[in-house]
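Colleague: I'd like to learn how to read a few features of a structure like this one. Could you walk me through them?

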Amino acid sequence: MRAALTKDDTMVVTEVPDPVPLEGQLLVRTLACGICGSDLHALQDPDAFMDTTRRSGGTPYDPRDGLVFGHEFAGEIVEYGPGTRRELPLGTAVCGPPIGIGPQGAGIIGYAPMYPGGYGEYMILNEGLAFAVPDGLDPKVAAITEPFSVATRAVRRSGIGADDVALVIGLGPIGLGVVAALKAAGHGPVLAADLSARRRELAGALGADELIDPAAAAPYDRWADLGVATGITERIAAELLGTTTRGAVIFECVGVPGILRQVVEGAPAGSTVMLVGVCMQDDRVEPGLAVSKELTLRGTFGALPEEYGATLNAIASGRVDAGSIITGTVGLDGVARAFADLAAPDDHAKIVVVP
């Protein structure tokens, strides 16, 4: 099959062997696959990518050895592997969480050589993790289920209360997904901050209540106006007096060094900081500041099948307009150029590959 294969710090379109479905697996023809920021990071800094994977308990594979990236996918079933139930007919459009499990071992689809991703013409999926794409849903939009399901999990893990203020820092696809998930769940106000006017516009279309350009105003200046106690003394006094004060949850969706430090400094007392962006370099945080503010720092990664299914239903029902973040499509020959284009956030948010 033709595929965009990683090579050094770029992508090369070439012929690679067709994947073969084994026990409990399906062979699918790729219909669409989103380009994820994690793919850009893995190609730009493969050593950091592998080191983070290793130290978090995963099995790293070097992109420089040649991988077929692509974990935000939708495909069409073309062949059953042995031992499959065959409940979905051939020709069914499917999508699913990028979890590869089988006789080949386990791995993340697109980051393990035995599970090539959606930047190739064919993929193998676990039958039990293949979700039928609802009738009428564009496969390109169905592919956005994966990043938006990551956002769904982030919102669920945050424990955000009904009256809490949410601040989303960084409006790439995951940050936009967080905005969409918050608004679909009825939360507000939701503040959305990004240097890119284009991405702020997309967040507004998804329901963000306030849009902030960090170059013009600090994202952390609105707490008092929105009824959030900023200092620990004020918060403790409110508890002693039996009065209520709003809480806050900050979703850090940028994932570059220095942002976490800024968030810890700008977060109000008692707030939760959700680490959603994947920063693979050192950052500097003053623990004493986090302690004195009684901050909760919580990580989140990927999504469970249940969260993926709930997100797919929200997209198919129209409660979440995932297609609105798609700003471009390319074929396999355009993948390398798309990686370069995504470095300019004013031009694109999400580019989808259609092999």
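Modeller: Happy to; we will take aromatic pairs, then one buried acid, then a cavity. Keep in mind that this is a predicted model.

Colleague: Let's begin with the rings. How many aromatic pairs does a search of the whole structure find?

Modeller: The search turns up 4 aromatic pairs. To read one, look at the distance between ring centres and the angle between planes, where over 60 degrees counts as edge-to-face. Take Phe69 and Tyr111: their ring centres are 5.4 Å apart and their planes stand at 80°, so this pair is edge-to-face.

Colleague: And where do Phe69 and Tyr111 lie?

Modeller: Phe69 is in the loop between helix 2 and strand 4, while Tyr111 is in the loop between strand 7 (105–108) and strand 8 (122–126). The pair therefore ties together parts that are 42 residues apart in sequence.

Colleague: Are these two rings buried or exposed?

Modeller: The cut-off for buried is under 20% relative accessible area. Phe69 has 0% relative accessibility, so it counts as buried. Tyr111, with a relative accessible area of 11%, is buried as well. Phe49 joins them, since Phe49, Phe69 and Tyr111 form one aromatic cluster.

Colleague: Which other pair should I look at?

Modeller: Try Tyr119 and Phe339, which are also edge-to-face, with 6.3 Å from centre to centre and 80° between the planes. This pair links distant parts of the chain: Tyr119 sits in the loop between strand 7 and strand 8, and Phe339 in helix 11 (residues 335–341), 220 residues away. Tyr119 counts as buried because its relative accessibility is 0%, and Phe339 counts as buried at 10%.

Colleague: Now the acid. Why does Asp62 count as buried?

Modeller: The same kind of reading applies: Asp62 has 17% relative accessibility, so it counts as buried. Asp62 belongs to the loop between helix 2 (46–55) and strand 4 (72–80). A polar atom of the Asp62 side chain lies 2.9 Å from the backbone nitrogen of Arg64. Leaving aside residues up to four places away in sequence, Asp62 touches Pro46, Met50 and Leu67.

Colleague: Last one: what is the volume of the largest cavity, and which residues line it?

Modeller: For a cavity, read the volume and then the lining. The structure holds 1 cavity of 30 Å³ or more, and the largest cavity has a volume of about 40 Å³. Its lining includes Phe73, Cys95, Ile109 and Leu125. By type, the lining residues divide into 8 nonpolar, 2 polar and no charged.

Key. Residues are numbered from 1 along each chain as its sequence is written. This is a predicted model: local features need pLDDT of at least 70, side-chain atom pairs count only at pLDDT 80 or more; totals for chains, interfaces and linings use all residues. Side-chain values use heavy atoms; hydrogens and water are left out. On a 1 Å grid over the protein atoms alone, a cavity is a set of points where a 1.4 Å probe fits but cannot get out, and a pocket is an open set with protein on both sides within 12 Å along at least five of seven lines; lining residues have an atom within 4 Å of a point. Grid points are joined across faces, edges and corners, and a volume is the space filled by probe spheres set on the points. Ala, Val, Leu, Ile, Met, Phe, Trp, Tyr, Cys and Pro count as nonpolar, Asp, Glu, Lys and Arg as charged, and the others, Gly among them, as polar. Helices (H or I, at least four residues) and strands (E, at least two) are DSSP runs, numbered from the N terminus. Buried means under 20% relative accessible area, exposed over 50%, partly exposed in between (1.4 Å probe, protein chains only). A polar contact is a pair of N or O atoms within 3.5 Å; within protein, one must be able to donate a hydrogen and the other to accept it, and residues adjacent in sequence count only if both atoms are side-chain atoms. Contact means heavy atoms within 4.5 Å. Rings of Phe, Tyr and Trp (its six-membered ring) pair if their centres lie within 6.5 Å; planes under 30 degrees apart count as stacked, over 60 as edge-to-face and the rest as tilted.
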